[in-house]
Amino acid sequence: VKMGIFFVVLMAFGIWGLYDALIAYPNRGRADAEYRELVYLNASRDAGLLLRASVAEPKATLEDLRAREREIQSASLASDTSPGALIAKADLARLDWLTSLSRIGALRSERTMFDNPTQRREALDNAWQTRTPPKPLSAFDIPSQWLFVIAGFGGSAWLTVLFVRVSSKKFRWEPSSRTLTVPGGRTIAPGDIAEVDKRKWDKFFVTLRLNDSAPAPREHKFDLLRYSPLEAWILEMEKHSPNYVPPPPEESEREEQSEPSEQPA
């Protein structure tokens, strides 16, 4: 049941990440790029550069603007109305616009060339009068969602394999003879047991070492966590094994609370 819950949680985590990576974040990124396009066109208009607002080589232009960003920022703060400051502000707005396009994989010339910049600016201005600008995407927003997809679907796939492997192993218990049939058909009786190694009992593992009269293999390791009620069966076999030593009273009381089941695993 616990593993089933983990499977559902991981699958939901992967689906959520996939939705964000393919739909939610790209949609937000496109809206942000459109709004920043309007800001850029307005800044270009104010600087008298609207008719030259197209960007023929967006990737090269973005690299150049990033390299000169500090210089452009300093120029934009020199004056509010000087031609140089207005051009610098237009460059900063263009940098933001191209950056937003790059984060949704849309930094292409067909997205940055305008047949009619004035008409495009007016259309965007009308569209954004009643809309709220979205939060910009960071460089890690969409890539991080793919990590969530890998973690969610990868974890659920691993659990699926685990389910198949665990369910393929069958243990059967015979209450009358207190014998355990392990995967593969081997039957272990209490008289076959030479030692019950409980050194990893706290990690839900136990090893049965069989005496020389038992056929090989004479060592069997059991996973008590994933196979129930295997723990109770092994404790019952141990009580009737030749070398059994009764535990102290407190430990004995704990063992008595684990009664073997009549049902096969």
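**Notes on pockets and rings**

1. Let's start with the pockets: the largest one has a volume of about 390 Å³. A pocket here is an open set of points on a 1 Å grid over the protein atoms alone, with protein on both sides within 12 Å along at least five of seven lines. Its volume is the space filled by probe spheres set on the points, which are joined across faces, edges and corners. Keep in mind that this is a predicted model, where local features need pLDDT of at least 70 and side-chain atom pairs count only at pLDDT 80 or more, while totals for chains, interfaces and linings use all residues. Residues are numbered from 1 along each chain as its sequence is written, and side-chain values use heavy atoms, with hydrogens and water left out.

2. What lines the largest pocket? There are 16 lining residues, and Met3, Val166, Leu225, Arg226 and Tyr227 lie nearest the centre (lining means having an atom within 4 Å of a point). Two elements, α1 (2-46) and α7 (141-167), give two or more residues each, and α7 gives the most, with four. Helices (H or I, at least four residues) and strands (E, at least two) are DSSP runs, numbered from the N terminus. By type, the lining has nine nonpolar, three polar and four charged residues. Nonpolar covers Ala, Val, Leu, Ile, Met, Phe, Trp, Tyr, Cys and Pro; charged covers Asp, Glu, Lys and Arg; the others, Gly among them, are polar.

3. Next, the second largest pocket, with about 270 Å³ of space. Its lining includes Leu162, Phe171, Pro183 and Phe205. Here α7 and β6 (219-223) each supply at least two residues. The split is seven nonpolar, no polar and five charged.

4. Now the rings. Rings of Phe, Tyr and Trp (its six-membered ring) pair if their centres lie within 6.5 Å; planes under 30 degrees apart are stacked, over 60 edge-to-face, and the rest tilted. That rule gives eight aromatic pairs. One of them is stacked: Trp173 and Trp233, at 5.7 Å centre to centre with 5° between the planes. Trp173 is in strand β1 (172-174) and Trp233 in helix α8 (230-239), 60 residues apart, so you can see that the pair links distant parts of the chain. Both tryptophans are buried (under 20% relative accessible area, with a 1.4 Å probe and protein chains only).

5. Elsewhere, ring pairs join Tyr40, Trp97 and Phe114 into a cluster.

6. Finally, check out the charges over rings (NZ of Lys or CZ of Arg within 6 Å of the ring centre and within 35 degrees of the ring normal). Arg131 has its charged end over the ring of Trp128, 3.8 Å from the centre. Lys198 lies over the face of Trp201, at 5.0 Å from the ring centre.

Conventions: Buried < 20%, exposed > 50% of the residue type's maximum accessible area, 1.4 Å probe, protein only. 1 Å grid on protein atoms, 1.4 Å probe; cavity = no way out; pocket = protein on both sides within 12 Å on 5 of 7 lines; lining within 4 Å.
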